[in-house]
Amino acid sequence: MDNSYIGKLIDNRYEIISLIGVGGMSNVYKAIDTASGNTVAIKFLKQEFFGNEELVRRFKNESKAISLLDNPNIIKVIDVNISADEKYIVVEYIDGITLKDYIDNRKVLTWQETVRFTSTILSAIGHAHDNGIIHRDLKPQNIMLLRDGTLKIMDFGIARLSTANQKTVTDKAIGSVHYISPEQVKGKNSDGRSDIYSIGIMMYEMLTGTLPFVSDTAVSVAIKQVSDTIYRQILSRYIEGCGSCSRDRSLPQERMIRYLAIRQGFDQVAFEAGMGEGVFLDNYIRHGNGTARTGIFGLGMWIWDTHEVLSLVEWMRQQNANGHPIRFWGIDMQSTDMAEALLRMGLEKDATAKLLLDEISPKLDKVLTYNNENRAQIDPQLAREIGQGLEAIESRIGPSVPGTHDRAMLRQWITLIRQYLGLGKEIYWRDRCMAENLLWLRGQYPDSRIVLWAHNGHLSKADNRMGYWLQDGVGADY
């Protein structure tokens with residue numbers, strides 16, 4: 001392990017803090033950019049490879065490839081130095097885990113998460129392809145998942161311009177063998193379809209928890225990539241499922257929300273949709289991460305036609321881009337998947353909290369069943385065990401979590417899981433919980449004006465409906 005750079009000031013600008021990654025040809029360090037004060041990551045080519053023309057070419061390749069791209073889901077290059085004395089690339093520092101670690105931890109992802117992740121990757125790689133860059137080494141190990149759910153594609157070390165026709169010996173079977181395309185195995189020219197193939201394998205892995213091609217040796221895996229036509233036919237269907245088109249409608253509800261936002265100063269829209277899942281759609285609206293369609297598909301138990309709000313979401317995105325902030329929130333809690341995922345991201349550095357989440361996760365999968373009348377039933381023993389685990393996890397949310405708002409959000413994800421454990425208590429339990437979540441939201445943003453879009457039954461002020469509890473909580477404002 002090379003710690004020789006730690007404590008040094010590189011080019012009178014980058015103060016090296018720690019070694020955060022070790023690879024075959026390079027090491028990655030965490031550093032402070034003294035010019036901006038920002039934390040960055042610096043990838044140094046190991047000095048023993050300075051004389052290797054092929055590896056130096058690949059190192060230069062990476063910096064050139066990323067510098068051509070400007071996408072929120074592709075890591076950004078800040079600086080490059082390819083000189084006789086040093087060869088390094090400075091990129092934005094990413095605090096998160098790899099998508100591979102997330103898949104390994106979750107075992108099998110929900111279809112909502114899979115669609116969201118896959119669509120985001122496809123969108124980012126589409127941007128690269130539009131700029132003539134083919135990644136050629138897409139795999140979950142090269143994709144980072146940030147705390148807020150954002151994905152960042154990294155490691156363009158073997159990328160090439162789509163117009164480049166030359167091949168070298170090292171171009172043969174290049175990339176990671178489990179995700180490699182058949183044409184790469186054969187050493188043939190590759191284009192954007194090679195990246196799409198790799199994404200198909202990642203999608204398969206997310207949904208099944210396994211890789212489609214597995215064997216004892218890398219060579220055997222590569223042979224399967226070329227010869228196993230049945231699996232390749234299956235993989236092609238995974239990618240085809242991401243190409244669904246959307247319609248753009250302008251509904252009376254949408255026009256009303258636009259009017260309230262522009263003329264009446266409403267700056268938050270609350271939907272009858274999963275609260276945890278809504279975080280990712282809000283991320284798209286505010287920051288452009290992912291796509292509107294991905295976020296809507298990720299809303300889980302939302303029962304509306306997913307096309308109904310696409311144009312509204314795109315309008316909200318444009319409003320944010322134009323400097324008029326407007327946020328999206330879900331207030332429902334019919335699933336715990338995303339609440340659990342957000343807890344894991346927020347507490348990822350707390351090993352004890354991670355173990356506690358590992359303990360309750362399989363119990364959450366089993367705690368809810370439905371009877372012959374399709375009524376929710378909660379296993380009381382499992383619910384008690386999960387509740388005890390949640391208390392222990394909540395006790396870990398302290399000074400180690402930066403920011404009062406971050407701590408409040410983590411506690412709200414725990415609240416969502418507790419609400420889920422109450423399903424079946426009473427017929428209008430969801431109404432009460434959605435009201436509580438909206439009131440919590442109002443407390444977090446007391447200066448905001450919130451417009452609520454939900455079904456008429458929930459909005460009713462009849463006994464125990466959401467409107468009843470909201471009127472009691474906010475009075476005339478409702």
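What percentage of the 478 residues in the protein chain is buried? In this predicted model, buried residues make up 51% of the chain. The chain holds 18 helices and 16 strands. Its accessible surface comes to about 22200 Å², and carbon and sulfur atoms account for 49% of that area. When contacts between residues at least 6 apart in sequence are taken together, 64% of them join residues at least 24 apart.

A walk along the chain can start in strand β2, which covers residues 14–22 and contains Gly-21. Apart from its neighbours within four places in sequence, Gly-21 is in contact with Asn-27 and Val-28. Ile-42 lies 21 residues from Gly-21 along the chain, and the two C-alpha atoms are separated by 10.0 Å. Ser-18 also has its place in strand β2. Its contacts, with neighbours within four places left out, are Ile-6, Val-28, Tyr-29 and Lys-30. Val-28 therefore appears in the contacts of Gly-21 as well as in those of Ser-18, with contact taken as heavy atoms within 4.5 Å. From Ser-18 to Ala-31 the separation is 13 residues in sequence and 7.1 Å in space, C-alpha to C-alpha. Ser-18 has a relative accessible area of 23%, so it counts as partly exposed; the buried class ends at 20%.

Further on, helix α2 spans residues 99–106 and includes Lys-100. Is this lysine buried or exposed? Lys-100 counts as buried because its relative accessibility is 15%, and buried means under 20%. Beyond the residues within four places in sequence, Lys-100 is in contact with Pro-140, Gln-141, Tyr-179 and Glu-205. For one of these, Pro-140, the C-alpha atom is 4.6 Å from that of Lys-100, although 40 residues separate the two along the chain.

Two residues deserve a look for their backbone angles. Most residues other than glycine have a negative phi. Arg-136 is not a glycine, yet its phi is positive, at about 70 degrees. It lies in the loop that runs between β8 (133–134) and β9 (143–146). Asn-464, likewise not a glycine, has a positive phi of about 70 degrees. This asparagine is placed in the loop between α17 (456–459) and α18 (466–474). How do the two residues stand in accessibility, buried or partly exposed? Arg-136 is buried, because its relative accessible area is 8%. Asn-464, with a relative accessible area of 32%, is partly exposed, since that class lies between 20% and 50%.

The next stop is helix α12, where Arg-344 is found. At 10% relative accessibility, Arg-344 falls under the 20% cut-off and so counts as buried. Which residue does the side chain of Arg-344 meet in a polar contact? The partner is the side chain of Asp-358, at 3.0 Å. With neighbours within four places set aside, the contacts of Arg-344 are Asn-105, Lys-354, Leu-357, Asp-358 and Ser-361.

Gly-346 is found in helix α12 too. Its relative accessible area is 18%, so this glycine is buried. Not counting residues up to four places away in sequence, Gly-346 touches Arg-147 and Leu-410. Arg-147 is 199 residues from Gly-346 in sequence, but the C-alpha to C-alpha distance is 6.0 Å.

Arg-147 leads on to the second largest pocket, which has a volume of about 510 Å³. Of the 21 residues that line this pocket, those closest to its centre are Arg-147, Asp-148, Val-279, Asp-406 and Met-409. Which elements give two or more residues to the lining? They are α9 (275–287), β13 (327–332), α12 (337–346) and α15 (404–420). Helix α12, where Arg-344 and Gly-346 are found, is thus one of the contributing elements, helices being DSSP runs numbered from the N terminus. By class, the lining consists of eleven nonpolar, four polar and six charged residues.

Definitions and conventions: Residues are numbered from 1 along each chain as its sequence is written. This is a predicted model: local features need pLDDT of at least 70, side-chain atom pairs count only at pLDDT 80 or more; totals for chains, interfaces and linings use all residues. Side-chain values use heavy atoms; hydrogens and water are left out. On a 1 Å grid over the protein atoms alone, a cavity is a set of points where a 1.4 Å probe fits but cannot get out, and a pocket is an open set with protein on both sides within 12 Å along at least five of seven lines; lining residues have an atom within 4 Å of a point. Grid points are joined across faces, edges and corners, and a volume is the space filled by probe spheres set on the points. Helices (H or I, at least four residues) and strands (E, at least two) are DSSP runs, numbered from the N terminus. Ala, Val, Leu, Ile, Met, Phe, Trp, Tyr, Cys and Pro count as nonpolar, Asp, Glu, Lys and Arg as charged, and the others, Gly among them, as polar. Buried means under 20% relative accessible area, exposed over 50%, partly exposed in between (1.4 Å probe, protein chains only). A polar contact is a pair of N or O atoms within 3.5 Å; within protein, one must be able to donate a hydrogen and the other to accept it, and residues adjacent in sequence count only if both atoms are side-chain atoms. Accessible areas come from the Shrake-Rupley method with a 1.4 Å probe; for residues, only the protein chains shown count as cover.
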